[in-house]
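Work through the exercises below with the model open beside you. Try each task before you read its solution.

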Amino acid sequence: MIKSLILDLGRLRLTPLAVTQVREKGQLSRPHLRNPTWFLRKERKMRDNHVTSENKSFVQEIVQDKYGPPALIKGVATYDQSKREELVKTEKIESEPWTTASRRTGVIARKIGQYPLWLKNGERIRTTLLQIVDNHVVKYIPPELYKPAQVPSVAKLNSYGCLLVGAESCDPSTLTKEYCGLFKDSGLLPKKHLVRFLVSPNAAIPVGTPLNVTHFRVGDYVDVRGKTVDHGFQGVVKRHGFKGMPASHGVTKTHRRPGNIGGGGEKGRVWPGTKLPGHMGNRWRISKGLRIWRINTKYNVMWVSGSAIPGSTNGLVYIYDTILPLRKHKTAPPFPTMFDQTLEGPDDIWFDAVHNFKDETITFQPEE
């Protein structure tokens, strides 16, 4: 009886329970619908606590008196160093000299628009303006304590530490207690945005150090990472640039369709990677090897080459030193960052090949 039952079950075609391996790249790059379990809840549920406007202004004055105003514009009073030493409870980090194997931290910026520049030979170049917004170092995790969510495939990345950088100070009353606890030992106001950068141990920066546009130099090359504009579900004409079919002469309801994709014959299936309708945008992309043509130290703005930087206007991007071998630093940059942030010096720093608008363009020679 038992033997016959086993034979009957063996003849059935049962569906396996194991998950099939995903081989299509589009499946792997889909946006996550849920945050990982180790993410802290950021925004809390707002309740009417019956605080008057006078009390709110008083609380803001106390907070700014303790932490100082955000360091966005050159000339605005930044955080008092004596107060910072009292608030910061972490150990100080000693800086080491720069080497070619060093890896510095990046910064968080906003894409604020495009602007043309002209070289001294008359050539016109297209640039994008990126503003570094109130960046500060929140925390440093050494390599022996840093445990990434995904184990890096490159063995070299295991020797890097993690530097947590925050941007844009905000009101602590709008955030949860768990999220504000991340800034407990940094002496900073809670930040709206947090980003992790892998750095070499000799490029670690003390907690609470501000980061601005002087972290980079004109003429250097950087990589910019951002999330592309979300267009939703689109067809092949807009998503892949297909021409479409004629509007008349017997064409019926196939004007903007992809047409035959050659799925018959021996293969009898759709090849992975075929250009078909689908979700367009909302993907992380990196523009590599962009040169810095101009820097404004007053408003922390830099002009980088190109007009195809991923992201929408006023969107967040991450800037760091390029990883392209032929465009890496040949000389020592501000390492690990520019600590001496004085108010002296010009507001605008131009690359040598770029024409300065304040210079004369036409000169006249006196007649003999």
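**Exercise 1. Find the strands that pair with E7, and say how they run.**

Step 1. Start with E12. E7 and E12 are antiparallel partners, joined over 5 bridges. Strands here are DSSP runs of E with at least two residues, numbered from the N terminus. Two strands count as paired if DSSP finds at least two bridges between them.

Step 2. Pick out one residue pair. Val222 stands opposite Asp321 in E12.

Step 3. Turn to E10. E7 and E10 run antiparallel and are joined by 6 bridges. Here Arg225 stands opposite Ile286 in E10.

Step 4. Check burial. Buried means under 20% relative accessible area, exposed means over 50%, and partly exposed lies in between (1.4 Å probe, protein chains only). In strand E7 (residues 221–227), 5 of the 7 residues are buried, so the strand is largely enclosed by the rest of the structure.

A note on the model: it is predicted, so local features need pLDDT of at least 70 and side-chain atom pairs count only at pLDDT 80 or more, while totals for chains, interfaces and linings use all residues. Residues are numbered from 1 along each chain as its sequence is written, and side-chain values use heavy atoms, with hydrogens and water left out.

**Exercise 2. Give the strand order of the open sheet that contains E3, and name its edges.**

Step 1. The sheet has 4 strands in the order E5-E4-E3-E6, with antiparallel pairing.

Step 2. Its edge strands are E5 (191–199) and E6 (210–211), and each pairs on one side only.

Step 3. Look at one pairing inside it. Strand E3 (residues 135–141) and strand E4 (residues 161–169) are antiparallel, over 6 bridges. Val137 has Val165 of E4 as its bridge partner.

**Exercise 3. Locate the nonpolar cores.**

Step 1. Apply the rule. A nonpolar core is a set of buried Ala, Val, Leu, Ile, Met, Phe, Trp, Tyr and Cys residues joined through side-chain atoms within 4.5 Å.

Step 2. The largest core has 33 residues; Leu130, Val222, Val224, Met302, Val304 and Ile319 have the most contacts inside it. Strand E12 (residues 316–321) gives the most to this core, with 4 residues.

Step 3. Apart from it lies another core, of 10 residues, including Leu117, Trp293, Trp303 and Phe351.

**Exercise 4. Analyse the aromatic pairs.**

Step 1. Rings of Phe, Tyr and Trp (its six-membered ring) pair if their centres lie within 6.5 Å; planes under 30 degrees apart are stacked, over 60 edge-to-face, and the rest tilted. The count is 5 aromatic pairs.

Step 2. Take Trp293 and Phe351. Their ring centres are 5.6 Å apart and their planes are at 80°, so the pair is edge-to-face. Trp293 lies in strand E10 (residues 284–296) and Phe351 in the segment after strand E13 (348–350), so the pair ties together parts 58 residues apart in sequence. Both Trp293 and Phe351 are buried.

Step 3. Take Trp350 and Phe357. With centres 5.7 Å apart and planes at 75°, this pair is edge-to-face. Trp350 counts as buried, at 16% relative accessibility. Phe357 is partly exposed, at 41%.

**Exercise 5. Which cysteine sulfur is nearest to that of Cys170?**

Step 1. A disulfide is a pair of cysteine sulfur atoms within 2.5 Å. The count here is 0 disulfides.

Step 2. The nearest cysteine sulfur to Cys170 is that of Cys180, 7.4 Å away. Cys170 is buried, with a relative accessible area of 13%.
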